Amino acid sequence: MAGPMDRIQVLDEIEKDIITCLQCAAQALLELGKEKSSQKQAESNTSQFLRTLSQVESKLSDQINYLTQVSTGQPHEGSGYASQKVLQMAWHRLEHVRSWINELERLKASHLAASSRTVTGIPNGGTMTSSGTSTQ
C-alpha cells in the first residue's frame, strides 16, 4: 500500500496531467481558429487531449476508491455513509438502553415503596387511623 507521500505525489501527477489536458485542448482550438489550420495538428492535439483525459479519469477513480475504502473501512458498496449509519444505530441502542434503565428504576422505586409499606405494618397501601387501626 502506498504511503501518504506517494499518494500526494500521485495527486501532483494528476494535477500536471490536467494542465497538459487543458493545454492540448487550447492548442487544438487555436489551430482550428486559424485561417489556414492544419487538420493533422488539430487531430494530434485532440488525440493527446483524449488520451490524457482518460488517464486523469482513471487515476482520479483510483483515488476516489481509495478514499472511500479509507473513510468507511470497507470497499465502496453504493454508499459513502456507512460510518454515519453505524453512529445512528449506536444512538438508537443507547436510547434503548436508557429506556430499559428508566423502566428498571421505576420498578425498583415501586418495589421499595411496597416494601416500606409492608415494613411499617400496613399491607397493600392502607392507612393508619388515629386510633391505631388500619384501613384498606
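**View 1. Gln63 is a buried residue, with 9% relative accessibility.** This close-up, like the others here, comes from a predicted model. Gln63 sits in helix 2, which covers residues 39-72. Setting aside residues up to four places away in sequence, Gln63 touches Arg7, Val10, Leu11 and Ile14. At 9%, Gln63 counts as buried because its relative accessibility falls under the 20% cut-off.

**View 2. Cys21 and Cys24 have their sulfurs 6.8 Å apart.** What is the closest cysteine sulfur to that of Cys21? It belongs to Cys24, and at 6.8 Å it is too far for a bond. A disulfide would need the two sulfur atoms within 2.5 Å, so this pair does not qualify. Cys24 is likewise in no disulfide, with the sulfur of Cys21 as its nearest cysteine sulfur. Are these two cysteines buried or exposed? Cys21 is buried, with a relative accessible area of 5%, and Cys24 is buried too, at 10%. If you were planning to look for disulfides elsewhere, a search of the whole structure finds zero.

**View 3. Thr20 in helix 1 is in contact with Gln48 and Thr52.** Helix 1 spans residues 4-33, and Thr20 has its place there. Which residues does Thr20 contact once its neighbours within four places in sequence are left aside? They are Gln48 and Thr52. Thr20 and Gln48 are 28 residues apart in sequence, and their C-alpha atoms are 8.8 Å apart in space. With a relative accessible area of 29%, Thr20 is partly exposed.

Technical notes:
Residues are numbered from 1 along each chain as its sequence is written. This is a predicted model: local features need pLDDT of at least 70, side-chain atom pairs count only at pLDDT 80 or more; totals for chains, interfaces and linings use all residues. Side-chain values use heavy atoms; hydrogens and water are left out. Helices (H or I, at least four residues) and strands (E, at least two) are DSSP runs, numbered from the N terminus. Buried means under 20% relative accessible area, exposed over 50%, partly exposed in between (1.4 Å probe, protein chains only). Contact means heavy atoms within 4.5 Å.
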